Amino acid sequence: MSNEKIAMVGTPCQILAASKINYYEKKTGGSSIDLKIGLFCMENFSYTYLKMFLKENNINLKDVKEFRIENNKFKVFLEDDVQEFSIPQTNSFKRKNCDICTDYTSNLADISVGSIGSPKGYSTVIVRSEKGNKIIQDLISNNLVSEKDTEEKSLDLLKRISNKKINNNLKNVKNREENSHPVIYKRKVSDEEIAKLSDECQFDCLNGDVINEGACVLCGSCEFVCPIDIVQINERKPVKKGTCREGCHACYYACPRTFATDKILPKDLDNKALGEYLKVHSLKSNSNTGQDGGIVSEILLYLLDKKLVKNVLIVTEDENNPWKPIPKLTDSKDEVLKAKGTKYSTVPIIFKPQTL
Ligand SMILES: Cc1cc2nc3c(=O)[nH]c(=O)nc-3n(C[C@H](O)[C@H](O)[C@H](O)COP(=O)(O)OP(=O)(O)OC[C@H]3O[C@@H](n4cnc5c(N)ncnc54)[C@H](O)[C@@H]3O)c2cc1C
Ligand code: SF4
Ligand code: SF4
Ligand code: SF4
């Protein structure tokens with residue numbers, strides 16, 4: 001681990017993973033992630049099954065200009081056509097592991113960003129920490145972004161959508177638990193109990209408790225924290241090749257789907273549609289377009305420009321596979337701009353470059 005600060009962008013589960021790695025630093029080795037920009041997230045897709053679905057509908061991924069989920073439709077933008085699919089049609093490529101996730105607005109981020117709650121072309125920005133607040137205030141006062149008043153009815157819509165995810169997925173958690181599939185990260189367990197249980201666990205427990213239970217979100221943390229590099233994440237799941245180091249429990253502590261202390265993940269967050277926050281803004285970048293208001297990219301450019309972080313952890317596109325997300329750690333503003341836009345599929349963002 002290097003001491004040079006990193007800002008990351010990720011979905012709520014990836015933000016939880018980064019929070020756990022740093023909170024349980026003594027067990028995991030920690031990371032240099034210092035600022036977390038979280039995305040809103042209702043669900044995520046499997047790249048392989050998304051590709052298959054599009055092929056069945058005569059759409060080649062290389063012809064797709066943009067994906068967008070709006071007005072209850074999954075929209076695929078082509079050169080001069082837009083193909084629309086209903087949300088139930090996305091079930092064939094939706095990751096079922098998302099159905100126990102109750103965080104819509106990235107509750108644990110410093111700044112959360114999404115489209116719902118703002119007019120088209122703007123991003124809804126939820127500021128949660130003083131550090132995040134300073135960055136957003138600087139963007140506004142330096143005229144790098146434009147602000148619109150946040151309307152009460154748009155915020156109500158955002159809260160309704162978030163509550164819908166929370167309530168639907170709490171039902172799924174209950175159903176799984178009733179069928180004796182443990183949903184460990186939702187269990188209320190004391191810190192002492194977490195330490196006792198986790199200190200008995202290595203990768204085999206992770207396999208039994210998370211991966212085989214259909215709870216793995218493919219965040220990458222288990223691979224990242226493994227001190228002897230025996231975990232590899234393939235298209236579908238993490239696998240271990242080799243024997244664990246005696247006394248190591250790093251992957252079990254780091255995983256966002258194992259026990260999480262109330263100090264990181266207060267269980268009462270399920271009663272707060274937008275989590276804990278300081279302020280909500282509607283913003284758009286004055287110089288870049290993005291998936292929505294281009295705010296994520298604008299924040300990253302600002303952080304690099306002001307040297308507030310050494311590198312940023314982003315999700316860009318695989319050059320040989322259109323729309324296949326790949327994580328990248330970079331200090332290049334061109335790379336940040338290239339990574340604009342949402343790639344709707346999972347990616348192990350917490351990966352292993354030397355400096356992370
Ligand atoms: C899987 C997924 C589901 C989402 N669902 C919702 C939703 O239900 N409602 C909603 O309002 N918003 C949702 N979003 C967020 C939304 O699509 C935009 O990412 C967000 O509004 C930021 O827009 P922007 O213009 O500010 O970002 P931009 O400036 O365009 O930057 C986008 C950033 O997103 C990162 N990124 C792209 N793909 C991924 C990925 N697969 N995983 C992690 N990071 C990625 C890139 O690193 C890039 O820096 C979702 C995003 C993802 C990745
Ligand atoms: S588990 Fe799924 S729904 Fe939840 S944040 Fe991760 S990708 Fe999004
Ligand atoms: S050595 Fe084993 S227990 Fe430790 S991180 Fe690697 S896989 Fe997990
Ligand atoms: S098993 Fe590994 S990749 Fe899957 S959620 Fe846990 S840490 Fe992330």
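In this predicted model, Phe-67 stands opposite Val-76 of strand β4. The pairing behind this match is between β3 and β4, the latter spanning residues 73–78. These two strands run in the antiparallel sense and are joined over five bridges.

A third strand completes the arrangement. The sheet is open, its order is β3-β4-β5, and its pairing is antiparallel. β3 (66–70) and β5 (81–86) stand at the edges. Each has a single partner strand, so one side of each is left without a neighbour in the sheet. Neighbouring strands of this sheet are turned against each other by 20° on average, with direction ignored. In general, strands of a sheet pair through backbone hydrogen bonds, in either a parallel or an antiparallel way.

Lys-148 belongs to another strand, β8, which covers residues 145–148. Lys-148 counts as partly exposed because it has 15 C-beta neighbours inside 10 Å; a buried residue would need 20 or more, an exposed one 12 or fewer. Beyond its neighbours within four places in sequence, Lys-148 is in contact with Pro-119, Tyr-122 and Ser-282. His-281 lies 133 residues from Lys-148 in sequence. In space, the C-alpha atoms of Lys-148 and His-281 are 7.5 Å apart.

The surroundings of ligand 2 were also examined. Cys-13, Cys-41, Cys-98 and Cys-101 are among the residues around ligand 2. The shell also includes Thr-11, Pro-12, Asn-44 and Val-217. Glu-43 and Asp-103 surround the ligand as well. By class, six residues of this shell are nonpolar, two are polar and two are charged.

Methods: Residues numbered from 1 in each chain as written. Chains lettered and ligands numbered in written order. Predicted model: local features only at pLDDT ≥ 70, side-chain atom pairs only at ≥ 80, totals over all residues. Near = placed C-beta within 6 Å. Nonpolar A, V, L, I, M, F, W, Y, C, P; charged D, E, K, R; others polar. Helix = DSSP H or I, 4+ residues; strand = E, 2+ residues; numbered from the N terminus. Contact = placed C-beta atoms within 7 Å. Pairing = 2+ DSSP bridges. Axes fitted to C-alpha atoms, helices over the stretch in contact; angles between N-to-C directions.
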